[in-house]
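Here is a plain walk through a two-chain model, strand by strand and then helix by helix. Have the structure open beside you as you read.

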Amino acid sequence: MSCELSRTHLHAYLDGELDAPAASSFEQHLASCHECTSALANEQALRASFARSNLYERAPAGLRQKISASLPVVTSETARRAIPWRWPVLVAASLLFAFLGWQFFSGALHRPAQTAFANAILDAHLRSLQPGHLTDVESTDQHTVKPWFDGKIDFAPPVRDFAAAGFPLVGGRLDVVDGQTVAVLVYGRRKHFVNVFVWKATDTKPWTGSGAAQGYHWLAWEKDSLYFCAISDAVPADLDQLKQLIQSE
Amino acid sequence: MLERNDRVRFEEIVLPHLDAAFNLARWLLRGRADAEDVTQEAVLRAYRFFGAFRAGDARAWLLQIVRNCCFTWLQKNRPMEDLTELQEEFLPVERDTPETLAIAKSDREDLTRALEQLPAHFREVLVLRELEGCSYKEIAEITSRPMGTVMSSLARARQQLRQALLHSSSKEARHEL
């Protein structure tokens, strides 16, 4: 290979590391340089092979739990030694908690149920990440995924592909969460998967909110008598964005 | 001793990159069981040093710790492992061959085999770029290489990988005959 640019620019071009002027002048060069064109074709074939092979291997679900469990916790012993002024703090904290407790008393009544449901969703999410459990119907085509749910559940979850916004549809599946059959839409987000659980609102109290557990974030909302819960190890902002996309009609 | 909210912060900004950590370890160590052990060790180490991490790219920070743990582990447990560093100078790229076709036909198994044949430092840059989608700047940070050598390292690693792929596909062709 004698072309100097194939050594200095080709890979940076392939990897999107050239700025716009450099990229465009390299593209002009490609039009006239056979060597660079065929070298680029080779590199693109290799990249396509990576994309096809899906070699990314996710951490086993057990590892996350093992690590969370083995992180040393700040004990009350060390906290006591560290904070000599703990009594005023404790009194203030108790007052604050009493106040918050009173404020949220009515809302807090269904809280334990909510936590249980969040845990059930987390379990279902972890289960789905085991090999072969992610999707029952694997397709990026919403017109394939949506009809798949027909006849399997008595509601129609909104199925749309948001690839243009960075959330490509991966597929769908049925799952059972807390004894209830739910539809699950699976979206990709960079290297992460987002599971969006959808079920019919049967409970009179809306189940909404967000939270985090074991390095996963979840975000729940209600729309048109359906409950949604998105969960992923992607950042919370991604879940917000996906919620906006799903809600926009 | 870390404060309680440091633990929460750690769970929020570092643990989401556990898949990235595991994936890198799996390809560097070529096995899931060893990768699990070393990932756990690396994350606990990250937790101990979390006080020193204040802001910046949490994924790159964690991956740097993971790869260092992996190379230490390889030196100790796989003394025969090829830990040749990537040379900075370029190998001349071979002339046009019908390799595009052979690469286009390669499947997951071919690619896995070819990737696992490469020396660990070659696997590392390929996994970071092609699987993890890291930028040159991030790769430089994770591998403690100067930014300027990341591209040439990648170019060499890709060339090696293509050769390994071609080698395995020509062997298969002979086998079929």
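Let's start in the sheet of chain A, where 7 bridges join β4(A) to β7(A), and the two run antiparallel. (Strands pair if DSSP finds at least two bridges between them; strands are DSSP runs of E, at least two residues, and helices are runs of H or I, at least four residues, both numbered from the N terminus.) One rung of that ladder is Val196(A), whose bridge partner in β7(A) is Ala230(A). Val196(A) is also the bridge partner of Leu185(A).

Before going further, a word on what you're looking at. This is a predicted model, in which local features need pLDDT of at least 70 and side-chain atom pairs count only at pLDDT 80 or more, while totals for chains, interfaces and linings use all residues. Residues are numbered from 1 along each chain as its sequence is written, and chains are lettered from A and ligands numbered from 1 in the order in which they are written.

**The sheet in chain A**

Zoom out and you'll find an open sheet of 7 strands, in the order β1-β2-β3-β4-β7-β6-β5, with antiparallel pairing. The edges are held by β1 (137–138) and β5 (209–213) of chain A, each with a single partner strand, so one side of each has no neighbour in the sheet. For β1(A), the partner is β2 (residues 169–177), and Val137(A) sits opposite Gly172(A) there.

Here are four of the pairings side by side.

| Strand pair | Bridges | A bridge or facing pair |
|---|---|---|
| β1(A) and β2(A) | 2 bridges | Val137(A) and Gly172(A) |
| β2(A) and β3(A) | 8 bridges | Asp175(A) and Val182(A) |
| β3(A) and β4(A) | 7 bridges | Val184(A) and Phe197(A) |
| β4(A) and β7(A) | 7 bridges | Val196(A) and Ala230(A) |

Two of these pairs are hairpins worth a look. Between β2(A) and β3(A) there are 2 residues, and Asp178(A) takes a positive phi near 55°. The hairpin of β3(A) and β4(A) also has 2 residues between its strands, with Arg190(A) at a positive phi near 50°.

How covered is β3(A)? Of its 10 residues, 7 are buried, so the strand is largely enclosed by the rest of the structure. (Buried means 20 or more other C-beta atoms within 10 Å of the residue's own, exposed means 12 or fewer, and partly exposed lies in between, with C-beta atoms placed from the backbone.) β4(A) is mostly covered too, with 7 of its 9 residues buried.

Val182(A), in β3(A), is a handy residue to click on. It is buried, with 23 other C-beta atoms within 10 Å. Leaving out residues up to four places away in sequence, Val182(A) touches Asp175(A), Val177(A), Phe197(A), Val198(A) and Trp199(A). (Contact means C-beta atoms, placed from the backbone, within 7 Å.) Tyr227(A) is 45 residues from Val182(A) in sequence, but the C-alpha atoms are 9.8 Å apart in space.

Helix α11 (residues 236–247) of chain A lies across β3, β4, β5, β6 and β7 of that chain, at about 20° to β6(A). (Axes are lines fitted to C-alpha atoms, for helices over the stretch in contact, and angles run from 0 to 180 degrees between N-to-C directions.)

**Chain B**

Now for the partner. Chain B has 9 helices and 0 strands, and 44% of its 177 residues count as buried. Among its helices is α4(B), residues 58–77, whose end C-alpha atoms are 28 Å apart, in agreement with the 28 Å expected for 20 residues (1.5 Å times one less than the number of residues). Its buried residues, including Trp61(B), Cys69(B) and Trp73(B), pack against α2, α3, α7 and α8 of chain B.

**Where the chains meet**

Across the interface, 37 residues of chain A are in contact with 46 residues of chain B. On the chain A side, α2, α4 and α5 each supply at least two residues, and α4(A) gives the most, with 11.

For a close-up, take α5(A) and α3(B): their axes come within 10 Å and cross at roughly 35°. Leu63(A), Lys66(A), Ile67(A) and Ser70(A) meet Glu36(B), Thr39(B), Gln40(B), Val43(B) and Leu44(B).

Key:
Two residues are in contact if their C-beta atoms, placed from the backbone, lie within 7 Å.
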